[in-house]
Each structure stands twice: as structure tokens, then as C-alpha cells.
Amino acid sequence: MNNRICAPWVLFRTLCRRQPFGGRFGISTGLLLWSLILGTGTHRASAADQPQWGQAWSRNLVSEEKGLPDSFDPRTGKDVKWTALLGTESHSTPIIAGGRVYVGTNNGAPRDPKHQGDRGVLMCFEEKTGTLLWQFVVPKREEDPFFDWPKTGMSSPVTVEGDRVYLTDNRGEVVCLDAHGMANGNDGPFRDEGAHMTPPKGSGAPPKPVPGVEIQPEPLRPPADGKGLEPGPMDADIIWLFDLPSEVGIWPHDGAHSSILIRGDLLYLNTATGVDNTHKRIRAPNAPSLVVIDKRTGKLVARDDEHIAPDIFHCTWSAPSLGEVNGRPLIFLGGGNGVLYAFEAMSKSDQSVVTGHRPVVAGNSSETTDDPQRTTDAAVRRLKKVFQFDFDPTAPKENIHQYLSNRREGPINFYGMPVFYRNRIYLAGGGDVFWGKNEAWLKCIDATKTGDIASNGLVWSYPLEKHVMSTPAIHNGMVFIADCGRTFHCVDAETGKPYWTEEIKGDTWASPLVADGKVYLGTRTGNFYVFGASKEKKVLANIEFGDPISGTATAANGVLYVATMSRLYALQAGTDSKGVEDSR
Ligand SMILES: [Ca+2]
């Protein structure tokens with residue numbers, strides 16, 4: 001096997017290797033004093049759900065929750081309300097809405113004996129107790145491991161509105177799920193949950209990658225013998241499903257990651273289209289990077305028209321944000337080509353024109369589809385661009401894939417989201433963590449400009465170390481961010497000058513959460529940091545979970561949620577679950 005193909009897998013395995021569990025918990029000393037100063041568990045205010053990742057829809061990872069724990073001990077259960085077992089890899093951020101907690105994981109510890117083997121899994125727990133209510137179990141894409149990387153599970157956080165749960169699953173299917181699951185019956189129009197949860201015959205072992213092989217992503221087809229699994233009350237209820245690879249021609253890579261933005265009746269999402277298994281070839285050059293789907297019907301409404309795909313260095317994993325600039329709502333997207341885009345949000349009149357159209361196959365050719373249910377590509381609206389900002393103008397713009405594995409020179413991309421704050425965008429980007437150069441920045445961009453703003457859009461730029469996967473959090477004139485050079489930064493939001501930095505253990509894949517005067521951050525060594533959200537450095541706690549953390553911490557209804565690779569923790573001051581071994 002080609003070494004270059006091997007590299008990310010080896011890195012992933014190394015990073016994800018489980019630490020010995022016992023005896024690795026501990027809390028640093030500094031936090032005790034801080035706990036006494038603040039007083040724990042004495043105030044409860046601003047209790048609310050957290051139904052999407054970050055604030056709607058600036059994406060600022062700041063919560064109004066109060067009375068959150070300054071410290072906790074996963075070993076003794078101190079301030080641990082409950083914990084719940086997940087699979088063996090969980091790269092998603094917990095979302096809390098309507099009395100339920102949602103988090104993505106894999107099927108490494110099957111909760112239902114009828115679902116065996118590698119799957120993407122979304123688990124839905126009761127908020128009060130951590131009891132598993134239902135799970136969305138999705139077979140892997142098995143045509144090529146690079147379509148849906150083995151064991152990585154379901155990486156996207158959900159977005160919840162009322163009793164509807166929106167998600168891009170591990171196959172790159174956009175789904176609308178019923179928050180009540182199958183327990184209250186199978187709501188339509190989608191009725192084929194049994195077939196959808198049944199993997200193809202003869203599947204099981206992960207496929208071996210064959211670089212450059214002529215293979216296409218295929219939609220999941222019902223089992224030929226008609227013998228699908230039987231959905232039960234613990235299974236998810238799909239309302240509608242939109243398969244991005246087959247319906248708009250994206251090229252899935254490594255695993256879909258998005259966080260769906262809702263405005264009115266429309267869903268906006270990044271498509272997670274990327275390179276093929278050689279990492280040097282774009283097989284779907286016409287694929288959209290941003291699509292708009294009607295949340296009521298699951299039908300495609302619009303897409304971008306920026307022809308981004310040929311210049312994608314790795315994939316399109318950065319989710320969109322929204323902000324109103326001079327009375328005009330704009331959608332912001334960090335493209336896989338290292339360019340930040342702003343588009344006009346669609347108006348009500350735009351929507352009425354397109355409602356009812358079926359999507360079209362864009363794919364890697366201009367051939368028309370023979371599916372009579374589908375309309376021509378012309379029926380799909382094009383989003384109107386307001387500005388574009390080249391995040392790294394000095395990076396090479398030609399033959400970009402020749403810089404694969406070049407750690408000194410090459411294009412950049414984005415993992416974190418663009419955050420809208422006071423007419424500015426705060427965004428971090430840099431060389432790809434697996435394949436790109438060791439250079440990254442946090443930048444502040446003027447969102448009131450229009451057109452090509454490469455030369456006049458930059459407010460300030462602040463250098464980060466190596467790579468960055470975090471979304472910045474902005475609070476009281478400070479920007480908090482962590483990088484893959486193992487540094488945490490507090491930066492002046494106006495000037496881009498650092499207030500302070502702190503060396504931390506482990507690479508950061510998660511984003512910082514600001515809540516209750518503190519900043520919470522987990523790392524890939526399983527360390528969980530609590531900093532004071534202040535211009536002076538205060539390291540309040542460093543708690544060792546002994547299990548890597550990829551997802552961002554979430555605060556809702558007075559409780560802090562942390563997902564490690566294998567376990568979800570609900571943390572609340574004054575509670576005691578008597579240690580993890582007693583928990584579900
Ligand atoms: Ca139902």
C-alpha cells in the first residue's frame with residue numbers, strides 16, 4: 001500500500017489509541033481556590049437548551065449558562081450528574097434540546113444486538129438521566145474506505161428545531177429525524193428505515209483502498225433478497241433523506257462533517273466534498289460546496305456557483321454561519337480552497353419559485369440524468385456572492401495538489417467555522433493537519449466590504465502554531481482559540497495582540513466554549529482545561545479523562561456536557577454519580 005495513503009490512518013490510530021483507563025484521572029490544584037471564590041452550584045440562571053453548535057447563527061461558542069462546575073472528578077463522580085457509554089470513537093459535539101441529548105459516535109460498543117459491526121451512530125439520551133432513548137445506526141460506505149473512514153462514526157453535531165433533528169450522517173446523507181424516534185410510530189414520508197439500517201450482503205471487513213481506482217460513491221440500496229432489519233422502538237425515525245453524493249454529485253472524503261444552519265424554512269450546509277483516495281485528484285469538479293435544502297420536504301433549493309471544487313486541497317468540513325450586515329442577512333462559508341465567501345441569504349420570494357423541484361445530479365460530468373423525477377440543473381437557484389476573501393494570498397494557486405505532504409509550502413483550508421461578531425468575521429485556518437504546511441492563523445475580517453476583499457478586508461492576522469481545527473470564541477473583547485501546536489491563546493478582539501498564551505497537553509481538535517466566566521477545552525490527550533475567561537491568565541483546572549476528546553464542550557440547562565471517545569459526561573455542580581463504573 002502506498003505510504004501516503006497509509007499516513008493519515010497511522011496518525012489517526014496513534015492519536016486515537018485508548019489510554020489505560022484506571023488511575024489516570026486527576027485535577028490540578030489551582031482550581032480549589034477559584035471554586036471557593038466563585039462559589040459552586042449557588043446560582044442558576046439563563047438555563048436554556050443548546051439546540052445547535054454555537055450561537056444561532058453567529059456560531060460564537062459562548063453560552064449564557066450560569067452555575068457551571070469549575071471542577072469535577074470523573075473518577076469519584078464528584079459533580080458528575082451522569083455518564084453514558086458511547087462507542088470507541090466519538091468526534092461529534094453534544095447537542096441538547098427538548099429534554100434530549102444527541103451525540104455522534106461509532107458502534108464500537110453495540111447498544112442493540114441487531115446492529116453489529118462498524119457503523120455511524122447518533123445516540124439520543126434522556127437529558128435528565130442519561131438513559132438511551134433511541135439511536136440512528138447507519139451502515140458505512142464500503143466502496144472505498146476514503147468515502148467514510150473506518151471506525152470514525154458520526155462526526156456532525158445535530159441541529160434541533162421543535163421535534164425535528166437535522167444531521168449530515170457518515171454517508172453524506174442529509175436527514176431529518178423525528179426527535180421521538182420509532183417509539184411513537186414511523187412518521188413519513190420516509191418509510192424504509194429497515195432497509196436503510198441494513199448493510200449490503202457480504203459486508204463487514206473494511207475495504208482496502210486502491211489509489212485512483214475508478215469507483216463511484218453509491219447510494220445505499222435495499223437488500224436484494226428483501227430481508228432488511230426490522231426497526232424497533234430504539235431505532236431512529238427518518239422523516240426525509242437527501243443523499244449528497246448521488247443527488248448533487250459531491251465526492252465524499254474521510255467522513256462528512258457539517259453543522260446545519262436553519263433560516264426560516266431553509267437549511268444551509270457545507271457539503272463535505274473533497275479529494276479522492278489519491279489526495280491529488282478532484283473527481284467531482286462541479287460539486288457544490290454550499291447547498292440549501294427545504295427543511296419541510298428535503299428538496300434542493302439552491303447551491304453556490306463559485307466552482308470551488310477543483311481547488312479543494314482536502315475537503316469541505318467548515319460549517320456555515322449567518323450574520324446581518326447593514327440590514328442584509330449574509331451566509332458565510334469557509335471553502336475547501338482556503339477562501340472565505342459571503343452569500344446573500346435567500347429571500348422568501350426566492351423560495352417560492354423553487355419549492356417543489358427535485359434535485360439534480362451535478363457530478364463530474366455535464367450529462368443530464370435519465371431519472372424522470374429529477375429536473376435540470378438550471379432549476380436549482382444559484383446563491384448570490386457578496387464577497388470573497390482569500391485567507392492566504394501568498395499560497396500557491398496553481399497545481400495545488402502537488403503540495404500534498406509538503407509541510408513548508410502549500411495551500412490552506414478550514415476545519416472551524418467563521419464566527420460573525422459585530423460586523424466582523426473571526427476565522428482560523430492554515431495548512432491541513434494531515435497533509436499541509438505547518439502554518440496557521442487566526443484572522444479578523446471586515447464583513448461590511450463587498451467584492452474581492454483580499455486586499456482591503458483584513459482587519460488583523462495573528463499567527464497560530466502548526467495547524468488549527470478550532471472555531472474561535474469571542475467574549476468581552478477577547479478571542480479564545482487553541483491550535484495543533486499545543487498552545488491555547490487569548491487574543492485582543494480589536495487588535496489581534498495576544499493577552500496571554502498557555503502551553504497545553506495534546507493537539508486540539510475541539511473548540512473552546514466560553515460559559516459562566518470560564519473557558520472549557522478538551523484535547524486529544526484526554527486533558528480537559530478550565531481557564532478563566534479573563535485578560536489575565538488563570539488556569540483553573542486540568543482534568544485528566546484518560547480518553548481523547550475531539551468534540552467541543554456544550555452547556556445547557558445548568559449542565560456541562562463533555563464527550564470523550566468512549567463516554568458522554570453530564571457535569572453539574574453539587575451532584576454525585578458515585579463514579580463512572582456505576583453509570584450506564
Ligand atoms: Ca416517530
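Is K449 buried, partly exposed or exposed? Select K449 in your viewer and take a look: K449 is partly exposed, with a relative accessible area of 27%. Keep in mind that this is a predicted model.

**Stop 1: the partner of K449**

Now add D446 to your selection. K449 and D446 form a salt bridge, with their closest N and O atoms 2.8 Å apart. Unlike K449, which is partly exposed, D446 is buried, at 15% relative accessible area. Side chains of opposite charge can pair when their charged atoms come close.

**Stop 2: pairs that reach across the chain**

A search of the whole structure finds 30 salt bridges. Pick K114 and D235 next; their side chains meet in a salt bridge at 2.7 Å, N to O. This pair links distant parts of the chain, 121 residues apart: K114 is in the loop between β4 (100-106) and β5 (119-126), and D235 is in the loop between α3 (193-196) and β10 (238-243). K114 is partly exposed at 27%, while D235 is buried at 1%.

Then select R141 and D243, whose side chains meet in a salt bridge at 3.1 Å, N to O. R141 sits in the loop between β6 (132-139) and β7 (159-161) and D243 in strand β10, so the pair ties together parts that are 102 residues apart in sequence. Both ends are buried: R141 has a relative accessible area of 1%, and D243 has 5%.

For a group of four, show E214, D276, R281 and R283, which are linked in a network of salt bridges.

**Stop 3: the calcium ion**

Which residues coordinate the calcium ion? Select D178, G181, N184, G185, D187 and D237, and you will find their donor atoms at 2.3 to 2.5 Å. G181 and G185 each contribute their O atom, and N184 its OD1. The site is octahedral, with angles of 78 to 175° among its six donor atoms. Compare two of the donors: D178 is buried at 2%, whereas D187 is partly exposed at 29%.

**Stop 4: the cavities**

Finally, look inside. The structure holds five cavities of 30 Å³ or more, and the largest has about 530 Å³ of space. To find this cavity, select H91, S155, Y415, M469 and W509, which lie nearest its centre among the 24 lining residues. The lining has twelve nonpolar, eleven polar and one charged residues.

The second largest cavity has a volume of about 100 Å³. Select Q50, G54, L61, L513 and T554, the residues of its lining that lie nearest its centre. Its lining divides into eight nonpolar, nine polar and no charged residues.

Methods:
Residues are numbered from 1 along each chain as its sequence is written. This is a predicted model: local features need pLDDT of at least 70, side-chain atom pairs count only at pLDDT 80 or more; totals for chains, interfaces and linings use all residues. Side-chain values use heavy atoms; hydrogens and water are left out. Donors are N, O and S atoms within 2.8 Å of the metal (3.2 Å for Na, K and Ca); water is not among the atoms, so sites may look incomplete. Four donors count as tetrahedral if all angles lie between 85 and 135 degrees; four count as square planar and six as octahedral if opposite donors are over 155 degrees apart and all others between 65 and 115; anything else is irregular. Buried means under 20% relative accessible area, exposed over 50%, partly exposed in between (1.4 Å probe, protein chains only). On a 1 Å grid over the protein atoms alone, a cavity is a set of points where a 1.4 Å probe fits but cannot get out, and a pocket is an open set with protein on both sides within 12 Å along at least five of seven lines; lining residues have an atom within 4 Å of a point. Grid points are joined across faces, edges and corners, and a volume is the space filled by probe spheres set on the points. Ala, Val, Leu, Ile, Met, Phe, Trp, Tyr, Cys and Pro count as nonpolar, Asp, Glu, Lys and Arg as charged, and the others, Gly among them, as polar. Helices (H or I, at least four residues) and strands (E, at least two) are DSSP runs, numbered from the N terminus.
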